Amino acid sequence: MSAKYTDQEVQEIQDRIVTSLETVIDPELGIDIVNLGLIYEVEFDAETGDTLVKMTLTTMGCPLADVITDNIHDALEDLEEVKNVDVKLVWYPAWTTDRMSRYARIALGIR
């Protein structure tokens with residue numbers, strides 16, 4: 001039985017998933033969730049198309065968690081290979097501003 005995608009194709013799909021996640025903006029900070037460092041891991045199952053996004057939020061109990069989760073689903077629905085999306089909120093390791101990209105730091109005036 002041959003795999004549906006090569007390892008290189010799976011990596012390209014995961015890269016496109018991350019690129020799509022860059023369109024999801026944290027409503028409070030106005031920066032995308034990738035550059036904020038909220039995405040911890042993306043797992044794509046090449047056989048089923050199931051995609052797991054492990055992420056955190058800037059604060060526990062964030063009232064916008066559902067909005068961000070819905071926006072993730074919307075961002076990934078146009079990717080043909082992605083069939084099902086599961087967003088799992090994780091709290092370890094705890095998010096800190098050290099996870100932010102240089103772009104996000106500059107945009108928010110953080111050194």
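Reading from the N terminus, the elements of the protein chain come in the order α-β-β-α-β-α. That makes three helices and three strands. Keep in mind that what you're looking at is a predicted model.

**Overall build**

How does the radius of gyration of the protein chain sit with that of a compact globule? For 111 residues, a compact globule would come out near 13 Å, and the protein chain has 15 Å, which agrees. If you lay the C-alpha trace along its principal axes, it spans about 50 × 25 × 25 Å.

Of the 111 residues in the protein chain, 40% are buried. Now take the contacts with a separation of 6 or more: residues 24 or more positions apart account for 64% of them. As for the outside, the protein chain exposes about 6800 Å², with 48% of that supplied by carbon and sulfur atoms.

Here are the chain-wide values side by side:

| Property of the protein chain | Value |
|---|---|
| Buried residues | 40% of the 111 residues |
| Contacts (separation of 6 or more) between residues 24 or more positions apart | 64% |
| Exposed area supplied by carbon and sulfur atoms | 48% of about 6800 Å² |

**An aromatic pair**

Search the whole structure for aromatic pairs and you'll find one. The partners are Y5 and F44, whose ring centres are 6.1 Å apart with the planes at 55 degrees, so the pair counts as tilted. Y5 lies in the segment before α1 (7–21), while F44 belongs to strand β1 (residues 39–44), so the pair ties together parts that are 39 residues apart in sequence. Are these two residues buried or exposed? Both Y5 and F44 are buried.

**The loop between β3 and α3**

Next, have a look at the loop between β3 (84–89) and α3 (102–108), which is where W91 is placed. P93 has its place in the loop between β3 and α3 too. Which peptide bond here is cis? It's the one from Y92 to P93, with omega near 0 degrees.

W91 also plays a part at the surface: together with M60 and L89, W91 makes a nonpolar patch of about 300 Å². Why can W91 belong to a surface patch? Patches are made of residues with over 30% relative accessible area, and W91 has 33%, so W91 passes that cut-off. With that value, W91 is classed as partly exposed.

Notes. Residues are numbered from 1 along each chain as its sequence is written. This is a predicted model: local features need pLDDT of at least 70, side-chain atom pairs count only at pLDDT 80 or more; totals for chains, interfaces and linings use all residues. Side-chain values use heavy atoms; hydrogens and water are left out. Patches are made of residues with over 30% relative accessible area and no salt bridge: like charges are joined within 9 Å, nonpolar side chains (Val, Leu, Ile, Met, Phe, Trp, Tyr) within 5 Å. Accessible areas come from the Shrake-Rupley method with a 1.4 Å probe; for residues, only the protein chains shown count as cover. A salt bridge is a side-chain nitrogen of Lys or Arg within 4 Å of a carboxyl oxygen of Asp or Glu. Helices (H or I, at least four residues) and strands (E, at least two) are DSSP runs, numbered from the N terminus. Buried means under 20% relative accessible area, exposed over 50%, partly exposed in between (1.4 Å probe, protein chains only). The radius of gyration is taken over C-alpha atoms; the globule rule is 2.2 Å times the number of residues to the power 0.38. Contact means heavy atoms within 4.5 Å. Rings of Phe, Tyr and Trp (its six-membered ring) pair if their centres lie within 6.5 Å; planes under 30 degrees apart count as stacked, over 60 as edge-to-face and the rest as tilted.
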